[in-house]
Every structure is written in structure tokens, then in C-alpha cells.
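I opened this notebook to keep a record of what I looked up, step by step. Each entry starts from something I wanted to know and ends with what I found.

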Amino acid sequence: MKTIHKRSNIDVKQLDFAYHVAKRLDEHRELIEDIEKNTGFFSKLEYQTYKEIAQKQDDYLVYLYYLRMGHQVIECIYPSKFTAQFPYVRPRPSCLSKVHITTSIFVRVMNIIGWRSNGKIKPKQLGDVIQHLTAHRSLINAVDTNTHFFNEQCFWHESHARYQDDYFQYLYLLQNGKAFNEKDPSKNMCPRPSVLKPSTFKQKI
């Protein structure tokens with residue numbers, strides 16, 4: 001993958017990956033819904049840590065949606081008519097608590113970046129991308145280890161999880177100007193889950 005110099009600013013449109021940032025949020029929610037529906041994973045006391053991870057990941061993706069779109073998430077129960085012009089997202093799964101990003105936080109974020117459709121954000125505003133990548137991988141590994149969810153014949157379960165992994169790597173590239181190095185010992189990374197197919201991430205900025 002091409003290595004680039006670290007950027008001072010990021011165009012908000014670059015937050016889109018594999019179609020649109022709203023699609024990444026919607027697929028995360030669909031994956032969590034399906035895991036709970038098929039396994040009850042997030043309702044079990046011994047897996048509450050992973051429920052908290054799923055909630056924080058949802059919050060983070062909502063935050064990225066704010067940065068990209070300049071308004072709060074547009075929810076639709078059946079977002080099958082998704083387009084870039086109408087980026088509907090299914091509601092947050094009932095097995096998770098309410099979104100922790102409040103309206104006041106949203107307003108503060110918008111005031112800070114002075115949102116425009118062609119606006120710029122600073123790399124640090126993406127937060128700790130490595131933390132979110134590690135959290136996503138630990139969640140997928142836990143579901144794979146403790147359930148038969150990924151053994152089912154629903155190919156989109158694996159693809160949703162894979163695209164989220166790729167998305168966090170893409171955000172790392174945006175933020176740092178270089179591709180994420182899986183073998184870097186300083187990152188103390190959780191390995192890419194074995195249940196996921198090889199990454200097809202070849203995005204260049």
C-alpha cells in the first residue's frame with residue numbers, strides 16, 4: 001500500500017469507506033442485532049464487557065457520522081432504500097443502552113469544526129483509532145469463541161465484521177498518513193480474528 005505523509009487536515013468526505021460512513025454504522029448495528037437474535041450473547045451476564053464494547057463502538061460510529069454529515073443520525077426501521085443522498089440508519093439495537101453522545105456534545109462538535117460539506121477536521125479528532133480496532137477484534141473473537149454465530153451460512157455476518165476491521169485500518173491511514181502495521185509490537189494489538197477472510201483493503205488517499 002502507498003505510504004503518504006502525515007496530513008494536517010482531513011476532508012470530512014474522506015470518512016466514507018466502502019460506500020458511506022452511515023453504512024458503516026448501519027452494518028455495525030445490523031451485526032449486533034443478529035448476534036443477539038441468534039445467540040443472546042449480549043444478554044448474558046458473563047459477556048457484559050463485550051456489550052459495553054459494542055455500545056462504545058456504536059457511540060464512536062455515531063460521532064463519525066456527526067463529523068461527516070453535520071447533523072444527528074437519521075434513523076429508519078427499514079433502511080433498505082439507503083443512498084448517499086438519504087443515509088438512513090437502523091435504530092440502535094435494543095440490547096444496547098441509549099446513545100451516550102448527547103445533543104449538547106453534538107452541538108459542541110459542530111461548533112468546534114464549523115461544519116461544511118467540504119469541511120476539514122484535524123487528525124486528532126478521529127480519537128484513538130487503535131483502541132477501537134482492538135475493541136472490535138476482541139468483540140469478534142469473543143463471539144466466535146463462545147458461540148456458533150459465524151458458522152452459519154449468512155455470508156454478510158463475516159463481511160460486516162470484516163469491513164468494520166478494514167474501516168478502522170482506513171481511519172488509521174487517514175490519521176497517521178501511513179498504513180497500519182499489524183506486526184508493530186509497540187501497538188500491543190489484538191490479532192485480526194481468524195474467522196475473518198483476508199482484508200481487501202487497498203484504499204489510497
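The entries below go from the whole chain to helix packing, then to rings and single residues.

**Entry 1: the whole chain**

I noted before anything else that the model is a predicted one. I then looked up the secondary structure and found that it comes to five helices and two strands, which follow one another along the sequence in the pattern β-α-α-α-β-α-α. How much of the chain counts as buried? I found that 51% of the 205 residues do. I also looked at how far apart in sequence the contacting residues are: among contacts with a separation of 6 or more, 79% are made by residues 24 or more positions apart.

**Entry 2: helix 1 against helix 2**

I turned to the helices next, keeping in mind that two packed helices are described by the angle between their axes and the distance between the axes. For helix 1 and helix 2, I found that the axes come within 9 Å and cross at roughly 160°. Angles over 145 degrees count as roughly antiparallel, so helix 1 is roughly antiparallel to helix 2. I wrote down the crossing of helix 1 past helix 2 as left-handed. When I looked up the residues that meet here, helix 1 offered, among others, Val21, Leu25 and Ile32, while those from helix 2 include Ala54, Leu61 and Tyr65.

**Entry 3: helix 5 and its two partners**

How do helix 1 and helix 5 pack? I found an angle of about 135° between helix 1 (residues 21-39) and helix 5, with the axes 10 Å apart, and that makes the two helices oblique to each other. Helix 1 passes helix 5 in a left-handed crossing. The contact involves residues including Arg24, His28 and Leu31 of helix 1, and residues including Trp156, His160 and Tyr167 of helix 5.

I then looked up helix 2 against helix 5 (residues 155-176), and the angle is about 55°, with the axes 14 Å apart. Helix 2 and helix 5 are therefore oblique to each other, and helix 2 passes helix 5 in a left-handed crossing. On the helix 2 side the contact is made by Gln57, Tyr60, Leu61 and Leu64, and on the helix 5 side by Gln164, Tyr167, Phe168 and Leu171.

**Entry 4: aromatic rings**

I searched the whole structure for aromatic pairs and found 12. In one of them, the ring centres of Phe41 and Tyr47 are 4.3 Å apart and the planes are at 15°, so I entered this pair as stacked. Phe41 and Tyr47 are both buried. Another pair is formed by Tyr60 and Tyr63, whose ring centres are 6.5 Å apart and whose planes are at 25°, so this pair is stacked too. Tyr60 and Tyr63 are three residues apart in helix 2, which means that about one helical turn separates them, and I found both of these tyrosines buried.

Which residues do ring pairs link into a cluster? I listed Phe17, Tyr60, Tyr63, Tyr167, Phe168 and Tyr170. I had already met Tyr60 and Tyr167 in the contact between helix 2 and helix 5. On a separate ring, I noted that the charged end of Arg162 sits over Tyr163, 5.7 Å from the ring centre.

**Entry 5: Gln55**

Is Gln55 buried or exposed? Its relative accessibility is 9%, so Gln55 counts as buried. I placed Gln55 in helix 2 (residues 48-69), and then asked what it touches beyond its neighbours within four places in sequence: it is in contact with Arg92, Leu96 and Ser97. I also looked up Cys95, which is 40 residues from Gln55 along the chain, and found that their C-alpha atoms are separated by 9.4 Å.

**Entry 6: two positive phi values**

I finished with the backbone, recalling that most residues other than glycine have a negative phi. Ala18 is not a glycine, yet its phi is positive, at about 50°. Tyr19 has a positive phi as well, near 105°. I located Ala18 in the loop between strand 1 (10-11) and helix 1, and Tyr19 in the loop between strand 1 and helix 1. Ala18 has a relative accessible area of 35%, so I recorded it as partly exposed.

Technical notes. Residues numbered from 1 in each chain as written. Predicted model: local features only at pLDDT ≥ 70, side-chain atom pairs only at ≥ 80, totals over all residues. Heavy atoms only, no water. Helix = DSSP H or I, 4+ residues; strand = E, 2+ residues; numbered from the N terminus. Buried < 20%, exposed > 50% of the residue type's maximum accessible area, 1.4 Å probe, protein only. Contact = heavy atoms within 4.5 Å. Phe/Tyr/Trp six-rings, centres within 6.5 Å; stacked < 30°, edge-to-face > 60°. Lys NZ or Arg CZ within 6 Å of the ring centre and 35° of its normal. Axes fitted to C-alpha atoms, helices over the stretch in contact; angles between N-to-C directions. Parallel < 35°, antiparallel > 145°, perpendicular 65-115°, else oblique. Left-handed = near helix turned anticlockwise from the far one by under 90°.
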